[in-house]
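Me: I am new to this structure and would like a close look at a single part of it. Could you walk me through that part slowly, and then show me where it sits in the rest of the chain?

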Amino acid sequence: MAKGYWVSVYPTITDPEGLDVYNELAGLAVKAAGGRVLAGIGSRVVAHEAGIAERVVLIEFDSFEQAVAAYESAAYQKALAELPEGFERDFRIIEGLD
């Protein structure tokens, strides 16, 4: 079964402390859903072409369905409610190749 991944790219973060509550709740929700953070906060980024050298978070789940269910979970929805107003990110759930 192919794995599922959350991929988040943050184009601009003007107030990193504003994400503290979200980060804590999201981390708990991801862990409870069986997700594993493969790259994230504090990781180095080298951007090419239209890429943006800002925070990128990569989280792995055992299946695509598990990744979707984790996003839809009450615990993660609670975390999303804590994102600061005006906050922007590019978030995707993708299926692995195998």
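Me: Let us start with Arg 36: is it buried, partly exposed or exposed?

Reply: Happy to help, and one thing to keep in mind from the start is that this is a predicted model. Arg 36 is partly exposed, with a relative accessible area of 30%. That value falls in the range between under 20%, which counts as buried, and over 50%, which counts as exposed.

Let us look at the partners of Arg 36. Side chains of opposite charge can pair when their charged atoms come close. Arg 36 forms a salt bridge with Glu 60, and the closest N and O atoms of this pair are 3.3 Å apart. The two residues belong to distant parts of the chain: Arg 36 is in strand β2, which covers residues 36-39, while Glu 60 is in strand β3, and 24 residues separate them. Arg 36 also forms a salt bridge with Asp 62, where the closest N and O atoms are 3.0 Å apart. Here Arg 36 lies in strand β2 and Asp 62 in the loop between β3 and α2 (64-72), so this pair ties together parts that are 26 residues apart in sequence. Asp 62 itself counts as partly exposed, at 44% relative accessibility.

Now turn to Glu 60. Its place is in strand β3, which runs over residues 56-61. Glu 60 is buried, with a relative accessible area of 11%; the cut-off for that word is under 20%. Besides its pairing with Arg 36, Glu 60 has a salt bridge with Lys 3, whose closest N and O atoms are 3.6 Å apart. Lys 3 lies in the segment before β1 (4-9) and Glu 60 in strand β3, so the pair ties together parts that are 57 residues apart in sequence. Lys 3 is partly exposed, with a relative accessible area of 29%. There is one more distance to look at around Glu 60: its C-alpha atom and that of Tyr 5 are separated by 4.6 Å, although the two residues are 55 apart along the chain.

Put these pairs together and a picture appears. Salt bridges that share partners join Lys 3, Arg 36, Glu 60 and Asp 62 into one network. A search of the whole structure finds 4 salt bridges, among them the pairs of Lys 3 with Glu 60, Arg 36 with Glu 60 and Arg 36 with Asp 62.

With that part in view, you can step back to the chain around it. The protein chain has 3 helices and 4 strands. Followed along the sequence, these come in the pattern β-α-β-β-α-α-β. The radius of gyration is 13 Å, close to the 13 Å that the globule rule gives for 98 residues, so the chain is as compact as a globular protein of that length. Along the principal axes, the C-alpha atoms fill a box of roughly 35 × 35 × 20 Å. Buried residues make up 28% of the 98 residues, and Glu 60 is one of the buried ones.

Strand β3 also gives a way to find other places. Val 56 lies in this strand and counts as partly exposed, at 28% relative accessibility. The C-alpha atoms of Val 56 and Glu 24 are separated by 17 Å, and the two residues are 32 apart along the chain. Glu 24 is found in helix α1, residues 20-32, and is exposed, with a relative accessible area of 56%. Together with Asp 15, Glu 17 and Asp 20, Glu 24 forms a negative surface patch.

Two loops round off the tour. In the loop between β1 and α1 you will find Leu 19, which is buried, with a relative accessible area of 0%. The C-alpha atoms of Leu 19 and Arg 92 are separated by 19 Å, with their positions 73 residues apart along the chain. In the loop between β2 and β3 sits Glu 49, which is exposed, with a relative accessible area of 81%. Most residues other than glycine have a negative phi. Glu 49, however, has a positive phi near 50°.

How values were computed: Residues numbered from 1 in each chain as written. Predicted model: local features only at pLDDT ≥ 70, side-chain atom pairs only at ≥ 80, totals over all residues. Heavy atoms only, no water. Patch = residues over 30% accessible without salt bridge, like charges linked within 9 Å, V, L, I, M, F, W, Y side chains within 5 Å. Areas by Shrake-Rupley, 256 points an atom, 1.4 Å probe, with all protein chains shown as cover. Salt bridge = Lys/Arg side-chain N within 4 Å of Asp/Glu carboxyl O. Lys, Arg positive; Asp, Glu negative; His and termini not counted. Charge placed at Lys NZ, Arg CZ, Asp CG, Glu CD. Buried < 20%, exposed > 50% of the residue type's maximum accessible area, 1.4 Å probe, protein only. Rg over C-alpha atoms; globule rule 2.2 N^0.38 Å.
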